[in-house]
Amino acid sequence: AGGALAGSATGAIVGLVPAVFTFGLSIPIGIAVGGGAGLCIGGAAGVSMGFCGGGAAGATGYACRGAPSAACKFARGFVRGAANALHGTVHIADTSSASPQ
């Protein structure tokens, strides 16, 4: 959208130069041509940046792929250790034999 806006503005400015000879028709034509060109160039630039950014993120994620696994293993061990430490101290009442009232 930014490329189309910038291209339209540039096309309008460029279209002002020959406006005297074209009775003003060069202004909307310049806007249309400039907006289309800006849209295409802006889209291509955005896709290129997204492709490069995604590639960089993927390469970084692949290079550091062991870190999330290690963090999950650490957290799992920490929670299991805490659960085992609390296992002997927490007493849960047995409600399976209680009669409903």
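## Working through a three-helix chain

Across this predicted model, the mean pLDDT is 84, and 86% of the residues of the chain reach 70 or more. Grab the structure and try these.

**Exercise 1. Work out which elements make up the chain, and where confidence is highest and lowest.**

Step one: go through the secondary structure. You'll find 3 helices and 0 strands, so the order from the N terminus is simply α-α-α.

Step two: check the confidence by helix. H2 comes out highest, at a mean of 91, while H3 (residues 66-87) is lowest, at 84.

**Exercise 2. Find out how much of the chain is buried and what kind of atoms supply the exposed area.**

Start with burial: of the 101 residues, 10% count as buried. Then turn to the outside. The chain exposes about 7800 Å², and 75% of that comes from carbon and sulfur atoms.

**Exercise 3. Compare the span of H2 with the expected value, then list its buried residues and say what they pack against.**

First, the length. H2 covers residues 26-63, which is 38 residues. From first C-alpha to last it reaches 54 Å, close to the 56 Å expected at 1.5 Å a residue.

Next, the buried positions: Ser26, Gly30, Gly34, Gly35 and Gly38. To count here, a residue needs under 20% relative accessible area.

Last, look at what lies across from them. The buried residues of H2 pack against helix H1 (2-16).

**Exercise 4. Explain why Ile29 and Val33 can belong to a surface patch, and name the third member.**

Step one: place the residues. Ile29 sits in H2, and Val33 is in that helix too.

Step two: check exposure. A patch member needs over 30% relative accessible area. Ile29 has 53% and Val33 has 56%, so both are exposed and clear that bar.

Step three: think about helix geometry. With 3.6 residues a turn, residues three or four places apart in an α-helix point the same way.

Step four: complete the patch. Leu25 joins Ile29 and Val33, and together they give a nonpolar surface patch with about 310 Å² of accessible area.

One more thing on Ile29: its C-alpha is 9.7 Å from that of Ser8, with their positions 21 residues apart in sequence.

**Exercise 5. Describe what is notable about the backbone of Phe23, where Phe23 lies, and whether Phe23 is buried or exposed.**

Begin with the backbone: Phe23 has a positive phi, about 55°, although it isn't a glycine. Now locate Phe23: the loop between H1 and H2. Finally, accessibility: at 79% relative accessibility, Phe23 counts as exposed.

Technical notes
Residues numbered from 1 in each chain as written. Predicted model: local features only at pLDDT ≥ 70, side-chain atom pairs only at ≥ 80, totals over all residues. Heavy atoms only, no water. Patch = residues over 30% accessible without salt bridge, like charges linked within 9 Å, V, L, I, M, F, W, Y side chains within 5 Å. Areas by Shrake-Rupley, 256 points an atom, 1.4 Å probe, with all protein chains shown as cover. Salt bridge = Lys/Arg side-chain N within 4 Å of Asp/Glu carboxyl O. Helix = DSSP H or I, 4+ residues; strand = E, 2+ residues; numbered from the N terminus. Buried < 20%, exposed > 50% of the residue type's maximum accessible area, 1.4 Å probe, protein only. Expected span 1.5 Å × (residues − 1). Contact = heavy atoms within 4.5 Å. pLDDT = per-residue confidence, 0-100.
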